[in-house]
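Me: Please take a close look at one part of this model, the pairing between two neighbouring strands, and then work outward from there. A plain description will do.

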Amino acid sequence: MKTSVAVVATLAIASAASLFAQGAAPAAGPAPAARTDGAGAVHVWPVQRNIYALFGPGGNSTVSIGDDGVLVVDTMTADAAPDLIAAIRTLSNKPIRWIINTHSHPDHTGGNAVVARSGVYIATGNTRGGGGASILAFENALMRLNGSAGSPDKVPEAGWPTDSFFVKQKDMFFNGEPVLTMHQPSAHTDADAIVFFRRSDVIAAGDVFTPDRYPVIDAAEGGSINGTIAALNTLIELAVPEFNEEGGTMIVPGHGRICDESDVGDYRDMVTIVRDRVQDLIAKKMTLAQVKAARPTFDYDGVYATPSFTGDMFVEAVYRSLTASPGAASRSPAR
């Protein structure tokens with residue numbers, strides 16, 4: 001496994017070096033195909049400057065490499081964690097100092113304990129002591145991971161965030177650049193955060209943006225369709241294209257390929273159009289069954305529907321989000 005990871009990483013880094021030598025950044029495009037043999041291979045892909053995307057069998061991680069050490073956004077699943085660490089070690093022997101969780105779901109936090117244990121703790125005013133890397137998350141994610149919110153996401157103490165925040169934005173300076181962790185209210189969940197590496201011009205978006213499928217709205221954990229659209233709009237506001245709406249700010253989603261602002265814009269438009277279609281059918285007093293029969297995602301299913309999350313499932317999630325409480329369809333969450 002380590003040999004396979006190292007080979008992939010070496011080829012990716014060589015490709016990046018050639019681009020950087022010419023003053024160019026790697027273009028947005030498809031991620032390397034993940035292995036499906038059950039081995040859980042993690043593939044490394046350079047994004048911009050010192051930021052790398054790591055593609056695993058169940059989701060993506062984003063990694064900052066530099067003199068201060070290693071910062072990891074999302075730790076994949078528990079099974080993939082050893083391969084994630086092996087992939088990171090092909091990039092740097094510096095200690096893993098920080099982990100940032102974009103939300104509490106186990107495909108993004110399952111490796112917390114293993115990855116943190118392989119790292120080195122940094123003492124800060126808001127962080128409790130510990131032997132491994134510090135873990136940062138929005139407070140709702142902390143409550144779900146430590147069990148105080150009664151969530152199925154609960155994990156043993158070694159995987160709990162050691163540092164949480166409850167304000168709009170948590171800032172730090174790491175590896176020569178500002179790193180902004182920004183809460184996105186009531187989107188995929190109510191604990192979502194995106195991570196903006198400001199100098200590298202890369203955003204780790206977590207599951208508020210998943211270009212290979214319809215957005216999953218976890219209503220049980222506070223997610224909503226309007227919050228999802230608001231989060232996508234935030235990504236568009238932060239991103240700046242380089243030329244002809246291509247390149248510039250790179251966005252690493254929770255699942256799927258590396259994207260740019262134009263890709264997020266297309267996705268936001270799709271989500272907004274489906275939301276508006278469902279809202280119109282609700283205004284006509286149609287039941288959920290009637291709304292599904294109208295097939296408001298028909299023209300998008302060929303691109304975004306998957307066996308595990310179909311167009312009908314997305315329509316039902318949108319319908320339930322819009323009818324969950326009076327005014328939910330028109331109310332925009334506070335940013």
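Reply: Phe196 has Ile203 of S11 as its bridge partner. The model is a predicted one. Phe196 belongs to the stretch 192–197, strand S10, which is joined to strand S11 (residues 202–206) by 3 bridges, the two strands running antiparallel. In general, the strands of a sheet are paired through backbone hydrogen bonds, and the pairing can be parallel or antiparallel.

S10 and S11 are part of an open sheet of 5 strands, ordered S8-S9-S10-S11-S12, and the pairing in it is mixed. At the edges are strand S8 (169–174) and strand S12 (250–253); each has a single partner strand, so one side of each lacks a neighbour in the sheet. From one strand to the next, the twist averages 20 degrees.

A helix also belongs in this picture. Helix H6, residues 225–238, lies across S10, S11 and strand S9 (177–184), and its direction is at about 5 degrees to S10.

Strand S9 contains Thr181. The C-alpha atoms of Thr181 and Phe196 are 6.5 Å apart in space, with their positions 15 residues apart in sequence. Is Thr181 buried or exposed? Its relative accessibility is 1%, and buried means under 20%, so Thr181 counts as buried. Leaving aside residues up to four places away in sequence, Thr181 touches Ala193, Ile194 and Val195, and also Gln169, Lys170, Lys168, Phe165, Leu136 and Ile100. Among these contacts, Ala193, Ile194 and Val195 fall within the 192–197 range of S10, while Gln169 and Lys170 fall within the 169–174 range of S8.

Two other contacts of Thr181, Phe165 and Ile100, lead to the other sheet. That sheet is open, with 7 strands in the order S1-S2-S3-S4-S5-S6-S7 and mixed pairing. Its edge strands, each paired on one side only, are strand S1 (43–48) and strand S7 (163–165). Phe165 thus lies in the range given for S7, and Ile100 in that given for strand S5 (96–100). The twist in this sheet averages 20 degrees from one strand to the next.

Within it, strand S2 (residues 51–55) and strand S3 (residues 60–66) run antiparallel and are joined by 5 bridges. Opposite Phe55 stands Asn60 in S3. Helix H2, residues 81–89, packs on this sheet and touches S1, S2, S3, strand S4 (69–73) and S5; the directions of H2 and S2 make about 145 degrees.

Note on methods. Residues numbered from 1 in each chain as written. Predicted model: local features only at pLDDT ≥ 70, side-chain atom pairs only at ≥ 80, totals over all residues. Heavy atoms only, no water. Pairing = 2+ DSSP bridges. Helix = DSSP H or I, 4+ residues; strand = E, 2+ residues; numbered from the N terminus. Axes fitted to C-alpha atoms, helices over the stretch in contact; angles between N-to-C directions. Contact = heavy atoms within 4.5 Å. Buried < 20%, exposed > 50% of the residue type's maximum accessible area, 1.4 Å probe, protein only.
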